[in-house]
Amino acid sequence: MKLKPKQYANFLLRLLEDKPVSEVKSLISFFVMYLQANQALHLKEQIVDEFTRAYNKTNNITTVSVQSAVPLSNDVKHNLHISLAKLLAKKVELLDEVKASLLGGLVIIWEDNVIDNSLQAKITSLKNNLK
């Protein structure tokens with residue numbers, strides 16, 4: 001029976017659960033050999049994606065993407081991280097990305113949510129309202 005990437009990811013999650021850091025490397029090596037023996041090594045990227053999703057769900061972690069027109073200072077990133085963690089009541093993994101096309105402001109994306117407070121969005125909205 002061929003397993004799907006999600007099944008392999010859940011197996012790895014259970015395999016690593018509550019294990020000391022000193023054992024993790026050998027367990028991952030075992031898992032890679034297991035994939036190779038089952039001719040599933042080609043699924044490694046999908047398995048990593050599924051593992052990350054499952055790990056984050058289990059540990060109440062959400063990934064938040066913050067897009068800005070210019071690079072954010074470390075202080076701004078830190079304050080955003082704290083505010084978002086409180087707002088979402090989760091541990092937050094913050095990914096920041098510079099998109100000059102935004103012109104200014106921020107776009108914040110997590111799970112299925114988008115807050116677009118960019119200057120570009122405001123200009124587009126204004127343009128649409130003037131039509």
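Let me start with a definition: the expected span of a helix is 1.5 Å times one less than its number of residues. Keep that in mind, everyone, as we look at this predicted model.

Helix α2 runs over residues 21-37, so counted by that rule its 17 residues should span 24 Å. From first C-alpha to last, α2 reaches 25 Å, close to that expectation.

Now, which residues of α2 are buried? They are Leu27, Phe31 and Leu35. These three cover an arc of only 85° around the axis, which puts them on the same side of α2. As a general reminder, an α-helix has 3.6 residues a turn, so residues three or four places apart point the same way. The buried residues of α2 pack against two other helices, α1 (5-16) and α3 (44-58).

Turn to the other side of α2, and you find exposed residues there: Ser22, Lys25, Met33, Gln36 and Ala37. Ile28, also in α2, counts as partly exposed because its relative accessibility is 36%. Together with Val32 and Leu41, Ile28 forms a nonpolar patch on the surface, and the accessible area of the three comes to about 200 Å². After the helix comes Gln39, with a positive phi near 50°.

One last stop, friends: Leu102. This residue sits in the loop between β2 (91-98) and β3 (105-110). Is Leu102 buried or exposed? Leu102 is buried, because its relative accessible area is 8%, and the cut-off for buried is under 20%. Leaving aside residues up to four places away in sequence, Leu102 touches Gln67, Ser68, Ala69, Val107, Ser118, Leu119 and Gln120. Ala121 is 19 residues from Leu102 in sequence, yet their C-alpha atoms are 7.6 Å apart in space.

Technical notes. Residues numbered from 1 in each chain as written. Predicted model: local features only at pLDDT ≥ 70, side-chain atom pairs only at ≥ 80, totals over all residues. Heavy atoms only, no water. Helix = DSSP H or I, 4+ residues; strand = E, 2+ residues; numbered from the N terminus. Buried < 20%, exposed > 50% of the residue type's maximum accessible area, 1.4 Å probe, protein only. Arc of directions from axis to C-beta. Contact = heavy atoms within 4.5 Å. Patch = residues over 30% accessible without salt bridge, like charges linked within 9 Å, V, L, I, M, F, W, Y side chains within 5 Å. Areas by Shrake-Rupley, 256 points an atom, 1.4 Å probe, with all protein chains shown as cover. Salt bridge = Lys/Arg side-chain N within 4 Å of Asp/Glu carboxyl O.
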